[in-house]
Amino acid sequence: MTRHPLDTPDLVDALGAGLRAVAYTSEGIAALLGEEASAALVDGVWWPALRRTRRADDAALSTLIRLFLLGATEPVDAVAAALPAVGVAALLDQQVIETADGGVRAVLDIRPHGSDSADHLVVADQDASMRPGAVRRDHVLGIGGASMSLARAVIRTPVGRALDLGTGCGVQALHLASHCAEVVATDTNERALALAAATARLNGLSWDLRSGSLFEPVAGETFDLIVSNPPFVVGTGAQDYVYRDSGMVGDGVSEALIAGIADHLAPGGVAQILANWAVRDVDAWDERVRGWVEATGLDAWVVQRELADPISYVSLWVSDAGESVVDAAERGSLWLDWFEEQGIVAVGMGSITFRKPGATEPERAPDVVIEEITAAGQEVTGFEAQAFWNRRDFLRRNSDDDLLAARLSTSPVFLESQSLPGDDGWQQVSAAVTRPGGPGAVLPVDEVMTALLAGCRGEVPLGALVSLIADFHGVDGDALAAVAMPAIREAVGRGILYRAE
Ligand SMILES: C[S@@+](CC[C@H](N)C(=O)[O-])C[C@H]1O[C@@H](n2cnc3c(N)ncnc32)[C@H](O)[C@@H]1O
């Protein structure tokens, strides 16, 4: 039977205590490395951090930073001195480290991770960039860009039961633990479940870890919150690496994951996932994902963050696992051939937030919004996702007349206009307001909307403002209200206008 790393709970406890004893924490490491080397390390530039550890007085912390964060081979004596209560023999036995040219190097990546309320320790495999050769097939991914984009997007309202599907090192489960009473985490990869168990134990947490594909391990169960950063890579169905290849053809894993969500969401529950979808016509990029989400019967907000052409997409993944350049080129070519055969001209990458109506809500059609939001600074955050649904509910419950009777305020927004030089000086050709940080919170505005937004200060009903502007322009107030209403609704939906009361 395969023995997985860190399978001895007492040893995990001793390791956690040993790491914390030498301030192997976010704060301790930042203090030793300093601001600039820390920032460089976050960007993947490791050598300034190495330089700092060589100059630092704190030998134990420096050794552990080099060992676990910088992929260095360290002398046995130095590691023994850094973790005296654990010992090198136990670290080798627990597959935390391995012997390497004259010393030892880390097998696992153990790092502090500040999440929501606390500083945690997370256990994963060392990244491909830290070790020679390709990673193992059952490689357990550490905290990456996708992990963090999902973690930031999750609505952090306190709930009862939560599911992290495809937990890997347990980073999503760790965040869930801060606001969910019970966390169930699943994976098909036994090594991932072992490392997630170590992550939980190192942080004094207890998760219900289950083995199996997609929703198999939770058949018949429902959750208030489901999160998943699945192995969404669109490919031939080959499973070279479990962390990113589902073994399902094309975008089958995203489709199957989405198809299972409705049955496993409790009334009022939310599911937030990352997904990729194959695109065969860039002008109709939303067709496939729309079919999937509409079939769920749930409310859904699909945000396509990027539409990658085949070469960009494949090159992103072929070099990801540390294969040789020749292997990567060979596999990349086959992958592109397959895209061509399938007629896949691009891959959409994004996030989807699903919501199931509450048990007492009147029956209604699902509210589905599918859009492309690619601008930097407009990422979906948990706060924005919750606000998005609140605003959709507000709009559904309030008729146009209700809105005209309400006092609205304008959020802090920027008005930006484009002008071209003409015969009579500058001629404005377009104008838009933007709510900084709001996903898709950009609204083209004409003269009437500009005036309305300037006037909305929560003091008078919207209808009165519309009448004033209509009088100024010598037009009928009701007619102007009817014409302006779609833009007003859009402004409310984007958080540019909000009810003042
Ligand atoms: C991209 S990693 C995400 C890990 C982690 N949740 C995160 O956010 O960083 C995908 C995880 O899904 C697991 N996985 C692969 N196929 C799966 C399946 N069919 N069902 C459930 N999990 C699966 C992989 O082993 C891997 O741990």
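The legends below describe close-up views of a predicted model.

**View 1. Residues surrounding the ligand in the predicted model.** The ligand is surrounded by 19 residues. Among these, Ser 147, Gly 166, Asp 187, Ser 213 and Leu 214 are the closest. Classified by residue type, the shell around the ligand comprises eight nonpolar, ten polar and one charged residues.

**View 2. Polar side-chain atoms beside the ligand, at Ser 147, Thr 188 and Ser 213.** An oxygen atom of the ligand lies 2.7 Å from a polar side-chain atom of Ser 147. In the side chain of Ser 213, an N or O atom is 2.9 Å from a nitrogen atom of the ligand. For Thr 188, the distance between an N or O atom of the side chain and a nitrogen atom of the ligand is 3.4 Å. On its own, the ligand has 600 Å² of accessible area, and the protein covers 96% of this area.

**View 3. The second largest pocket and its lining.** This pocket holds about 240 Å³ of space. Its lining consists of 18 residues, and those nearest the centre of the pocket are Val 159, Gly 268, Gly 269, Val 270 and Gln 386. Strand 8 (223-228), strand 9 (265-279) and helix 14 (382-397) are the elements that each give two or more residues to this lining. Strand 9 supplies the largest share, with four residues. By class, the lining of the second largest pocket contains seven nonpolar, five polar and six charged residues.

**View 4. The hairpin of strand 1 and strand 2.** Strand 1 (residues 97-100) and strand 2 (residues 103-106) run antiparallel and are joined by four bridges. Ala 100 has Gly 103, in strand 2, as its bridge partner. Two residues lie between the strands of this hairpin, in which Gly 102 adopts a positive phi near 75°.

Technical notes: Residues numbered from 1 in each chain as written. Predicted model: local features only at pLDDT ≥ 70, side-chain atom pairs only at ≥ 80, totals over all residues. Heavy atoms only, no water. Near = heavy atom within 4 Å. Polar contact = N/O pair within 3.5 Å; in protein donor to acceptor, adjacent residues only side chain to side chain. Areas by Shrake-Rupley, 256 points an atom, 1.4 Å probe, with all protein chains shown as cover. Nonpolar A, V, L, I, M, F, W, Y, C, P; charged D, E, K, R; others polar. 1 Å grid on protein atoms, 1.4 Å probe; cavity = no way out; pocket = protein on both sides within 12 Å on 5 of 7 lines; lining within 4 Å. Points joined across faces, edges and corners; volume = space filled by probe spheres on them. Pairing = 2+ DSSP bridges.
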